[in-house]
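Visitor: I would like to learn how to read a structure like this one, feature by feature. Could you walk me through it?

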Amino acid sequence: MSSFSAPKGTYDLIPPDSADFLAVREAISAPLRRAGYGYVETPGFEQVELFARGVGASTDIVTKEMYTLTTKGGDELALRPEGTASVLRAALQANLHRGALPVKLWYSGSYYRYERPQAGRYRHFSQVGAEALGAEDPALDAELVILAADAYRTLGLRRFRLLLNSLGDAECRPAYRSALQEFLRGLDLDEDTRARIDINPLRVLDDKREHVQAQLADAPLMRDHLCQGCKSYHEQVRELLLAAEVPFEDDPRLVRGLDYYTRTTFEFVHDGLGAQSAVGGGGRYDGLSEMIGGPALPSVGWALGVDRTVLALRAEGVALDVPSGTDVFAVPVGEEARRTLFAAVTELRRHGVAADFAYGGKGMKNAMKSANRSGARFALVAGERDLAEGVVQLKDLESGEQTAVPVAEAASAVRAKLNCPSAR
Ligand code: AMP
């Protein structure tokens, strides 16, 4: 051990567990790429103001959880706490919204929130996200929800649920907001919560404390205040999900922790995760572009938490089909064998075969141990006697069966055994 360890609320990804993270990122992003989403990568930090305006000045994320810093040049920056505001900022900056719409983008990266660490809640975490910018079409909302649900399903997750709600729009939300404020002002609430009634009353619905929830049983719900446009939009999203056989639960109290959502809002929760049950979420954010100084650009997106998806897989006992990193492992005994097998390994790698080598001049016994540990199906073994006969031994590590093959054919023999397409 060194004198240092990973900062509080963070952890390192190391083999073999790290392979699960790559597999989850791949399982979520591959269907996005097939659905026309292009890869976007933005800086790990942005101007604080982007998040203050984009995420919402009254949210926990902005008031309590941002890692902010002042640069030597006097810029106020924050490590990104989420992806949407940055992706939208990047798309606007590159004028993507002037081209064909919707602009469909996906991303994968690290996010930072100064939260109280606990199981499933970290200060550094990983998300894969998708945003479809510049179109108001219920099929687009449905597409994103279906892509997320299918990704979880493909990974083997079963115990997840999709919660769905509509948060209304600029036409119907103001009246609902006032109705809710009036209701909330009549309750017995602490000072902080009372302050929240003025700034962001919808967030009070999301309060997890029991004595607050107990008073909210009769709170007015957005569902009953949706305007005709929002109602019909939401109905179309629901119908498309039903037609695609993506089960969902209507959750009229779902509000989520970011201010920018309008209309469609959803969250994926997993029942094996305890308190931090949200594995992903998103929704429509038709006003966000204007909030950060852009043109009107109705958009929808989601972010799925990679860390929690991995935890959910473990909770369900799903073993991902992660292929072994190594197909063949070379075990040389003696200097000449080292040269010969190193050349074979290089040739195999150049043909795309996953090959590894016993480095460090280990004895035969230790080298064979490394071969077995690598997960390789085959070992190429050679000692002085083999080379004197012009052969190397190709050993099947599963059956123990061993065949001598001419040195010059070592690589192609391995490839033939592995059923590589163009092997002789
Ligand atoms: P949010 O942007 O808060 O909707 O987060 C989207 C997803 O990211 C959540 O559903 C979680 O899976 C994941 N996530 C958010 N915050 C954290 C955190 N502090 N630690 C781990 N995962 C997180």
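**Helix packing, backbone and ligand**

Guide: Gladly! Let us begin with a pair of helices: helix 1 and helix 5 are oblique to each other. Please keep in mind that this is a predicted model.

Visitor: At what angle do helix 1 and helix 5 pack, and how far apart are their axes?

Guide: The angle between helix 1 (residues 18-34) and helix 5 (residues 138-155) is about 140 degrees, and their axes are 9 Å apart. Angles over 145 degrees count as roughly antiparallel, and therefore the pair is called oblique. As for handedness, helix 1 and helix 5 make a right-handed crossing.

Visitor: At what angle do the axes of helix 12 and helix 15 cross?

Guide: Helix 12 (residues 335-350) and helix 15 (residues 410-417) cross at roughly 45 degrees, their axes coming within 9 Å. Because of that angle, helix 12 is oblique to helix 15. Here too the handedness can be read: helix 12 passes helix 15 in a right-handed crossing.

Visitor: Let us turn to the backbone. Which peptide bonds should I look at for a cis geometry?

Guide: The general idea is that most peptide bonds are trans, and most residues other than glycine have a negative phi. In this model, the bond from Pro15 to Pro16 is cis, with omega near 5 degrees. Pro16 sits in the segment before helix 1. Leu101 and Pro102 are also joined by a cis peptide bond, with omega about 0 degrees.

Visitor: Where is Pro102 found?

Guide: Look at the loop between helix 4 (84-93) and strand 5 (103-112), where Pro102 is found. Asn95 lies in the loop between helix 4 and strand 5 as well. Asn95 is not a glycine, yet its phi is positive, at about 60 degrees.

Visitor: Now the ligand. Which residues come nearest to it?

Guide: A useful start is to list the shell, then look at individual atom pairs. There are 14 residues around the ligand, and Arg113, Glu115, Tyr122, Gln127 and Arg256 come nearest. By class, the shell holds five nonpolar, four polar and five charged residues.

Visitor: How far are the polar atoms of Arg113, Gln127 and Gly280 from the ligand?

Guide: From an N or O atom in the side chain of Arg113 to an oxygen atom of the ligand, the distance is 2.9 Å. For Gln127, a polar side-chain atom is 2.9 Å from a ligand oxygen atom. Gly280 uses its backbone: a polar atom there lies 3.0 Å from an oxygen atom of the ligand. On its own the ligand has 480 Å² of accessible area, and the protein covers 92% of that.

Visitor: Which strand gives the most to the shell around the ligand?

Guide: Strand 10 does, with three residues. Strand 6 (124-133), strand 10 (278-284) and strand 11 (299-305) each supply at least two residues of the shell.

Key:
Residues are numbered from 1 along each chain as its sequence is written. This is a predicted model: local features need pLDDT of at least 70, side-chain atom pairs count only at pLDDT 80 or more; totals for chains, interfaces and linings use all residues. Side-chain values use heavy atoms; hydrogens and water are left out. A residue is near a molecule or strand if one of its heavy atoms lies within 4 Å of it. A polar contact is a pair of N or O atoms within 3.5 Å; within protein, one must be able to donate a hydrogen and the other to accept it, and residues adjacent in sequence count only if both atoms are side-chain atoms. Accessible areas come from the Shrake-Rupley method with a 1.4 Å probe; for residues, only the protein chains shown count as cover. Helices (H or I, at least four residues) and strands (E, at least two) are DSSP runs, numbered from the N terminus. Ala, Val, Leu, Ile, Met, Phe, Trp, Tyr, Cys and Pro count as nonpolar, Asp, Glu, Lys and Arg as charged, and the others, Gly among them, as polar. Axes are lines fitted to C-alpha atoms, for helices over the stretch in contact, and angles run from 0 to 180 degrees between N-to-C directions. Angles under 35 degrees count as roughly parallel, over 145 as roughly antiparallel, 65 to 115 as roughly perpendicular and the rest as oblique. A crossing is left-handed if the near helix is turned anticlockwise from the far one by less than a right angle, and right-handed if clockwise.
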